[in-house]
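Hi everyone, thanks for coming. I'd like to walk you through one model today, so please have a look at the slide before I start.

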Amino acid sequence: MLNLKSYMKVIWVLENVSQDKAFYTKNQILMLMASATLWRKYHPDHNMVLYIDNLTYNTLNSTGIFQLWNDVRLLEYSDNINRQIFWSTCKTKIISEIDEPIIVVDHDFLIFNNIDKYLNTEVLYSYDEIANNWYVKENCSFSAKLTTPIERVTDLAANVSLLYLPDPKFARKYAKQTLQNHSEFTKMDFEGMTANWMILSEQLMLKQWLVKDNIPHRTLNKSIFDIKQHKFIEKETGIGIWKTEEMLLYYKHYGVEKRNEDFVKNGHKYLSRCICAGKIWDIKQINDIVESIEDK
């Protein structure tokens, strides 16, 4: 096992692609704060980096939030990609240029335990998803037009709300192919293009590559997620670490839950408690931070 504790690089990437102030909702900000606060709590030796666009930097700069990360960097890239559809392009671009092992954490992913012992030579990601009832179909004519069509060898996709990439060479290859696919889809400019075309490369292609090329990989959750039903099914992949019933002891990924009415109304209460667990801010200070952003 590699001893990565003292230098493991962990990145968060948040881009306001619409450049709309409505992007900075209370739950959006609190999820970002909770994600980083909890990671810092359980992995104090990791090198945490936040990548953000200029508007997000200017919006958050005076709040004190940036103290959660070791470094805050501005996003700079000019790829000809429709970022309204392929909004994760900024994250993929960063992965395409790495030269060291990294963990990529989405802002809606919360960790509740140290996972250093699982950071070895295997790719690690959140969980597998059923592909046939949500992802773009295999016989889709637009997918077939890609310079490098995605060869499907399993009906699963890799949810990358947390993604550990131990091999920089593989990580760059995967990310560059994803960027190329997104660029080609952008040029096609067909009606009905949605974010499903983004996760086709980002998540489904990744799983196909891992299986086809026999690249060692593991998932945090033993069960498979059904996006259409918004729940984990009983079937297990055999490569997971924790059962679904014990999942919340170790991590939580909000994902589609972010759109639930109850979370929209009440999610801030739980997120605020998570942030308080990091012992950096109390409830009043957290509320003051959110209000200062909402007033801008």
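I'll go through some helices, then the aromatic rings, then a few loop residues.

A word on where this comes from: it's a predicted model, where local features need pLDDT of at least 70, side-chain atom pairs count only at pLDDT 80 or more, and totals for chains, interfaces and linings use all residues. Residues are numbered from 1 along each chain as its sequence is written, and side-chain values use heavy atoms, with hydrogens and water left out.

Okay, helices. When I say H or E with a number, I mean DSSP runs numbered from the N terminus: helices (H or I) of at least four residues and strands (E) of at least two. And "buried" is under 20% relative accessible area, "exposed" is over 50%, and "partly exposed" is in between, with a 1.4 Å probe and protein chains only.

Start with helix H1, residues 26-42. How far apart are its end C-alpha atoms? They're 24 Å apart, which agrees with the 24 Å that its 17 residues should span at 1.5 Å a residue. That expected span is 1.5 Å times one less than the number of residues. H1 is mostly covered, by the way, with 14 of its 17 residues buried.

Now jump to helix H7, residues 261-276. This one has 16 residues and reaches 24 Å from its first C-alpha to its last, close to the expected 22 Å. Where does H7 bend? At Gly267, by about 55 degrees. The bend at a residue is the angle between two fitted axes, one for the seven residues ending there and one for the seven starting there. Gly267 is also buried, and so are Phe263, Leu271, Ser272, Cys274 and Ile275 in that helix. The buried residues of H7 pack against H1, strand E5 and helix H8 (283-294), where contact means heavy atoms within 4.5 Å.

Helix H6, residues 196-212, has a kink too, about 30 degrees and centred on Met205. With 14 of its 17 residues buried, H6 is largely enclosed by the rest of the structure.

Right after H6, take a look at Asn214, in the loop that leads to strand E8 (217-221). Its phi is near 55 degrees, which is a positive value in a residue other than glycine. Is Asn214 buried or exposed? Exposed, with a relative accessible area of 66%. Asp213, in that loop between H6 and E8, counts as partly exposed at 39%. There's a second positive phi at His230, about 60 degrees, and His230 is not a glycine either. His230 is in the loop between E9 and strand E10 (231-236), and is partly exposed at 43%.

On to the rings. Rings of Phe, Tyr and Trp (its six-membered ring) pair if their centres lie within 6.5 Å; planes under 30 degrees apart are stacked, over 60 edge-to-face, and the rest tilted. By that rule there are 19 aromatic pairs. Take Trp12 and Trp69: their ring centres are 6.2 Å apart and their planes are at 75 degrees, so this pair is edge-to-face. The two are 57 residues apart in the chain, with Trp12 in strand E1 and Trp69 in the loop between helix H2 and strand E3. Both Trp12 and Trp69 are buried.

Then there's Tyr127 with Phe225, centres 5.5 Å apart and planes at 50 degrees, so that one is tilted. Tyr127 is in strand E6 and Phe225 in strand E9, 98 residues apart. Again, Tyr127 and Phe225 are buried. Ring pairs also link Phe86, Phe142, Phe185, Phe190 and Trp197 into a cluster.

Last stop, two more loop residues. Asp106 is in the loop between strand E4 (102-105) and E5. Leaving out residues up to four places away in sequence, Asp106 touches Trp12, Ser35, Lys91, Val160 and Ser161. Of these, Lys91 is 15 residues from Asp106 in sequence and 9.4 Å away in space, C-alpha to C-alpha.

And Asn120 is in the loop between E5 and E6. Asn120 is buried, at 17% relative accessible area. What does its side chain reach? The backbone nitrogen of Glu122, at 3.0 Å.

That's my tour, thanks for listening.

Notes. Polar contact = N/O pair within 3.5 Å; in protein donor to acceptor, adjacent residues only side chain to side chain.
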